[in-house]
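Trainee: I've never looked at this one before. Could you walk me through it with a few questions and answers?

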Amino acid sequence: MTERELMALAETARKHSYSPYSHFCVGAALLTKGGKVYLGCNLENASYTPTVCAERVAFFKAVSEGEMEFAMLAIVGGKEGEVSPFCAPCGVCRQVIAEFCPKDFPILLGTKEHFQTFTLEQLLPFSFTKEDL
Ligand code: THU
């Protein structure tokens, strides 16, 4: 699985986004070290606060099926109908990623044509993790 292929899968995942309130659609593709891919999209709710981001859906699907070793994460987002050039994960998702991934975990942001790779540490410096407890 190449980085570009994972970005393409994130774009596919985005198609299932349920976002009737924000009209902002996000897709995530999470590759395990074993080579499986878990997809996620954002799922909104009329009560707003139960909304879950695409990245957390992907992680919760994977972890709830016994996966604990991850290779990389691709994220694609944008307003309905268009993929924006860059969609960064929210702070809560960064914290969830930090629960399951090391500081050098690669996170791909952008589109399948043009993307950048960041480490988790670049996106969440000075993080609070289980090592602090
Ligand atoms: N969203 C994500 O799915 N991932 C992020 O990291 C940023 C925000 C979703 C949540 C909500 O459904 C919509 O984008 C607007 O915030």
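What follows is a short chat about salt bridges and the ligand in this predicted model.

Trainee: Let's start with charges. How many salt bridges does the structure hold?

Mentor: Side chains of opposite charge can pair when their charged atoms come close. Here Glu-11 pairs with Lys-112, Lys-33 with Glu-69, and Lys-112 with Glu-113. The number of salt bridges in the structure is 3.

Trainee: Which parts does the pair of Glu-11 and Lys-112 tie together, and how many residues apart are they in sequence?

Mentor: The closest N and O atoms of Glu-11 and Lys-112 are 3.1 Å apart. Glu-11 lies in helix H1 and Lys-112 in the loop between strand S4 and strand S5, so the pair ties together parts whose separation in sequence is 101 residues.

Trainee: Is Glu-11 buried or exposed?

Mentor: The cut-off for buried is under 20% relative accessible area. Glu-11 has 16% relative accessibility, so Glu-11 counts as buried.

Trainee: And where does Lys-33 sit, along with its partner Glu-69?

Mentor: Their side chains meet at 3.7 Å, N to O. The two are 36 residues apart, with Lys-33 in the loop between strand S1 and strand S2, and Glu-69 in the loop between helix H2 and strand S3. As for Lys-33, exposed means over 50%, and at 59% relative accessibility Lys-33 counts as exposed.

Trainee: Which residues are joined into one network by salt bridges that share partners?

Mentor: Lys-112 meets Glu-113 in a salt bridge of 3.7 Å, N to O, and Lys-112 also forms one with Glu-11. Glu-113 is partly exposed, with a relative accessible area of 44%. Through shared partners, the network is made of Glu-11, Lys-112 and Glu-113.

Trainee: On to the ligand. How much of its area does the protein bury?

Mentor: Oxygen atoms of the ligand have polar partners here: a backbone N or O atom of Ala-54 at 3.0 Å, and a polar side-chain atom of Glu-55 at 2.8 Å. A polar backbone atom of Cys-90 is also 2.8 Å from a ligand oxygen. Alone, the ligand exposes 370 Å², and the share buried by the protein is 79%.

Trainee: Which elements give two or more residues to the shell around the ligand?

Mentor: The residues surrounding the ligand include Phe-24, Val-26, Ala-54 and Glu-55. The whole shell divides into 7 nonpolar, 3 polar and 2 charged residues. The elements that give two or more residues are S1 and H2.

Note on methods: Residues numbered from 1 in each chain as written. Predicted model: local features only at pLDDT ≥ 70, side-chain atom pairs only at ≥ 80, totals over all residues. Heavy atoms only, no water. Salt bridge = Lys/Arg side-chain N within 4 Å of Asp/Glu carboxyl O. Helix = DSSP H or I, 4+ residues; strand = E, 2+ residues; numbered from the N terminus. Buried < 20%, exposed > 50% of the residue type's maximum accessible area, 1.4 Å probe, protein only. Near = heavy atom within 4 Å. Polar contact = N/O pair within 3.5 Å; in protein donor to acceptor, adjacent residues only side chain to side chain. Areas by Shrake-Rupley, 256 points an atom, 1.4 Å probe, with all protein chains shown as cover. Nonpolar A, V, L, I, M, F, W, Y, C, P; charged D, E, K, R; others polar.
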